[in-house]
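Please open the model in a viewer and keep the selection panel at hand. The stops below are arranged so that each selection leads to the next.

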Amino acid sequence: MKVLFRQERVENIPIEEDFNCPTLQENIAKTRYALENAYAGFDNATDPDLIDCYIYEVNALLKRYKYLTDLAEKERQTVPELCPESPIRALFSHVFG
């Protein structure tokens with residue numbers, strides 16, 4: 001068996017990395033986006049194991065969202081309001097009162 005290796009120079013490959021820490025507002029926006037995706041996945045799931053997975057994911061993201069919004073309030077930053085039509089608003093108010 002013959003094994004061939006090919007070696008190319010890596011010098012010409014541009015590497016763009018962003019090592020900046022995301023701001024609190026960016027973390028809130030990313031968490032909200034992930035929560036909307038998880039909620040949409042839950043709505044479309046039919047397999048019982050997948051439904052359980054989405055329930056855990058939604059609960060974890062809700063707790064993260066609550067933590068981040070509490071942190072923003074503590075730092076006196078503005079927290080963007082949820083859309084009135086957003087399913088997250090109903091779920092968030094139902095879980096956290």
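The tour goes from the whole chain to a helix pair, then to single residues and a charged pair.

**Before selecting anything**

This is a predicted model, in which local features need pLDDT of at least 70 and side-chain atom pairs count only at pLDDT 80 or more, while totals for chains, interfaces and linings use all residues. Residues are numbered from 1 along each chain as its sequence is written, and side-chain values use heavy atoms, with hydrogens and water left out.

**Stop 1: the whole protein**

Display the chain as a cartoon. The protein has three helices and zero strands, and its pattern along the sequence reads α-α-α. Helices (H or I, at least four residues) and strands (E, at least two) are DSSP runs, numbered from the N terminus.

Next, switch on the surface. The accessible surface of the protein is about 8,300 Å², and 54% of that belongs to carbon and sulfur atoms; such areas come from the Shrake-Rupley method with a 1.4 Å probe, and for residues only the protein chains shown count as cover. Of the 97 residues, 21% count as buried. Here buried means under 20% relative accessible area, exposed means over 50%, and partly exposed lies in between (1.4 Å probe, protein chains only).

A contact map gives a further view. Among contacts between residues at least 6 apart in sequence, 65% join residues at least 24 apart, where contact means heavy atoms within 4.5 Å.

**Stop 2: helix 1 against helix 2**

Select residues 24-44, which form helix 1, and residues 48-74, which form helix 2. Two packed helices are described by the angle between their axes and the distance between the axes. In this pair the axes come within 9 Å and cross at roughly 160°. The axes are lines fitted to C-alpha atoms, for helices over the stretch in contact, and angles run from 0 to 180 degrees between N-to-C directions.

How are helix 1 and helix 2 oriented to each other, roughly parallel or roughly antiparallel? The two helices are roughly antiparallel, because angles over 145 degrees count as such, whereas those under 35 count as roughly parallel, 65 to 115 as roughly perpendicular and the rest as oblique. Their crossing is left-handed, a term for the near helix being turned anticlockwise from the far one by less than a right angle, with clockwise giving right-handed.

To see the interface, show side chains on both helices. The helix 1 residues that take part include Leu 24, Ile 28, Leu 35 and Phe 42, and those of helix 2 include Ile 51, Val 58, Leu 61 and Ala 72.

**Stop 3: Leu 68 and its partners**

Centre the view on Leu 68, which lies in helix 2. Leu 68 is buried, at a relative accessible area of 4%. Apart from neighbours within four places in sequence, Leu 68 is in contact with Leu 24, Asn 27, Ile 28 and Thr 31. The C-alpha atoms of Leu 68 and Leu 24 are separated by 7.2 Å, although their positions lie 44 residues apart along the chain in the sense of sequence separation.

Move to Ile 28 in helix 1. Is Ile 28 buried or exposed? Ile 28 counts as buried, with 0% relative accessibility. From Ile 28 to Leu 68 the C-alpha distance is 6.3 Å, for residues 40 apart in sequence. With neighbours within four places set aside, Ile 28 is in contact with Tyr 65, Leu 68 and Ala 72.

Asn 27, also a residue of helix 1, is buried at 18% relative accessible area. Beyond neighbours within four places in sequence, Asn 27 is in contact with Pro 22, Arg 64 and Leu 68.

**Stop 4: Lys 30 and Tyr 39**

Stay on helix 1 and select Lys 30. Lys 30 counts as exposed at 53% relative accessibility, and its C-alpha atom is 9.6 Å from that of Tyr 65, 35 residues apart in sequence.

Then select Tyr 39, likewise in helix 1. Tyr 39 is partly exposed at 22% relative accessibility. The C-alpha atoms of Tyr 39 and Tyr 54 are 7.4 Å apart, for residues separated by 15 along the chain.

**Stop 5: the salt bridge**

Side chains of opposite charge can pair when their charged atoms come close. The structure holds one salt bridge, defined as a side-chain nitrogen of Lys or Arg within 4 Å of a carboxyl oxygen of Asp or Glu. Select Lys 66 and Asp 70, whose side chains meet at 3.2 Å, N to O. These residues are four apart in helix 2, so about one helical turn separates them. Lys 66 is partly exposed at 28% relative accessibility, and Asp 70 is partly exposed at 34%.
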